[in-house]
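This briefing is written for a reader who is meeting the structure for the first time. Please look over the sequence and the model shown below before going on to the notes on charged side chains.

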Amino acid sequence: MYELHDLVEMKKPPHPCGTNRWEIIRMGADIKIQCTGCGHVVMLSRREFEHKLKKVLQKAND
């Protein structure tokens, strides 16, 4: 469904920097995502990430 370095869109409104594109930079029990606009990093539990995920915008291997 999603992999490391995929670009994803979350359900929350856009980040204050104006973008809603996040890159998955770490996967495990927790998932770390980084805003592609300003570089802000957020760590979420896998369960919370899957709940807040809206869609995968771009796969890492594309």
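## Salt bridges in the model

Glu 48 and Lys 52 lie 4 residues apart in helix 1 (residues 46–52), so about one helical turn separates them. The model is a predicted one, and the structure holds 4 salt bridges in total, among them the pair in this helix and two that involve Glu 9.

**The pair in helix 1**

- Glu 48 and Lys 52 form a salt bridge in which the closest N and O atoms are 3.0 Å apart.
- Glu 48 is partly exposed, with a relative accessible area of 32%, and Lys 52 also counts as partly exposed, at 27% relative accessibility.

**The network around Glu 9**

- Salt bridges with shared partners join Glu 9, Lys 54 and Lys 55 into one network.
- The side chain of Lys 54 meets that of Glu 9 at 3.7 Å, N to O, and this pair links distant parts of the chain, since Lys 54 sits in strand 5 (residues 53–58) and Glu 9 in strand 1 (residues 7–10), 45 residues apart.
- Lys 55 forms a salt bridge with Glu 9 as well, with the closest N and O atoms 3.9 Å apart, and here too distant parts of the chain are linked, with Lys 55 in strand 5 and Glu 9 in strand 1, 46 residues apart.

**Accessibility within the network**

- Glu 9 is buried, with a relative accessible area of 16%, whereas Lys 54 counts as exposed at 53% relative accessibility.
- Lys 55 is partly exposed, its relative accessible area being 42%.

Technical notes. Residues are numbered from 1 along each chain as its sequence is written. This is a predicted model: local features need pLDDT of at least 70, side-chain atom pairs count only at pLDDT 80 or more; totals for chains, interfaces and linings use all residues. Side-chain values use heavy atoms; hydrogens and water are left out. Helices (H or I, at least four residues) and strands (E, at least two) are DSSP runs, numbered from the N terminus. Buried means under 20% relative accessible area, exposed over 50%, partly exposed in between (1.4 Å probe, protein chains only).
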